[in-house]
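Biologist: Got a minute for this model? I have a few quick questions, cysteines to start with.

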Amino acid sequence: MRRITKYLKQSCQLSAVGDTTMNKYGELQYAPEITLVCRREPCTRDIQTANGAIVRSTDRYYLDARRIIHNDDLLDGKVILQINGLVDQFGKLVGYECYV
């Protein structure tokens, strides 16, 4: 059991970006939702996106490293704007801090 896992008492729905194909409206295609354990905290933060726009994040999620998380994935229907990796004392990735 990883150290971060004992703090993850909530659940969330993750929809990963598919093979980066777009639908007929030019929107990204997402894989079916899966349920993950997480810790969700309300948090207000301004994040600058890749195209230079500043977007306000309203929630912060902590997830363990069982699944690989990417920008543009959906957590509870909201797009992940920024991801920070959480690393233990041995340099191993143990989780993610995601802002949506």
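Modeller: Sure. The sulfur of C38 sits 3.7 Å from the closest cysteine sulfur, in C12, so that is too far for a bond. A disulfide here is a pair of cysteine sulfur atoms within 2.5 Å.

Biologist: How many disulfides does a search of the whole structure find?

Modeller: Zero disulfides turn up in the whole structure. C12 is in none, and its nearest cysteine sulfur is that of C38, 3.7 Å away.

Biologist: Is C12 buried or exposed? And C38, buried or exposed?

Modeller: C12 is buried, at 1% relative accessibility. C38 is buried too, at 0%. Buried means under 20% relative accessible area, exposed means over 50%, and partly exposed is in between (1.4 Å probe, protein chains only).

Biologist: What are the ground rules for these values?

Modeller: This is a predicted model, where local features need pLDDT of at least 70, side-chain atom pairs count only at pLDDT 80 or more, and totals for chains, interfaces and linings use all residues. Residues are numbered from 1 along each chain as its sequence is written, and side-chain values use heavy atoms, with hydrogens and water left out.

Biologist: New topic. Where is E41?

Modeller: E41 is in strand 4, residues 34–48. Strands are DSSP runs of E with at least two residues, helices are runs of H or I with at least four, and both are numbered from the N terminus.

Biologist: Which residues does E41 touch?

Modeller: T58, D59, R60 and Y62, not counting residues up to four places away in sequence. Contact means heavy atoms within 4.5 Å. E41 counts as buried because its relative accessibility is 19%.

Biologist: Any odd backbone angles? What is phi of D72?

Modeller: Phi of D72 is near 75°, a positive value in a residue other than glycine. D72 is in the loop between strand 5 (54–64) and strand 6 (74–75). D72 is partly exposed, at 37% relative accessible area.

Biologist: And what about phi of D76?

Modeller: Phi of D76 is near 55°, again positive in a residue other than glycine. D76 lies in the loop between strand 6 and strand 7 (78–79). At 30% relative accessibility, D76 is partly exposed.

Biologist: Last one. How many bridges join strand 8 to strand 9?

Modeller: Six bridges join strand 8 (residues 82–87) to strand 9 (residues 93–99), and the two run antiparallel. Strands pair if DSSP finds at least two bridges between them. L86 stands opposite G95 in strand 9.

Biologist: What sits between the strands of that hairpin?

Modeller: Five residues, and in this hairpin G91 takes a positive phi near 85°.
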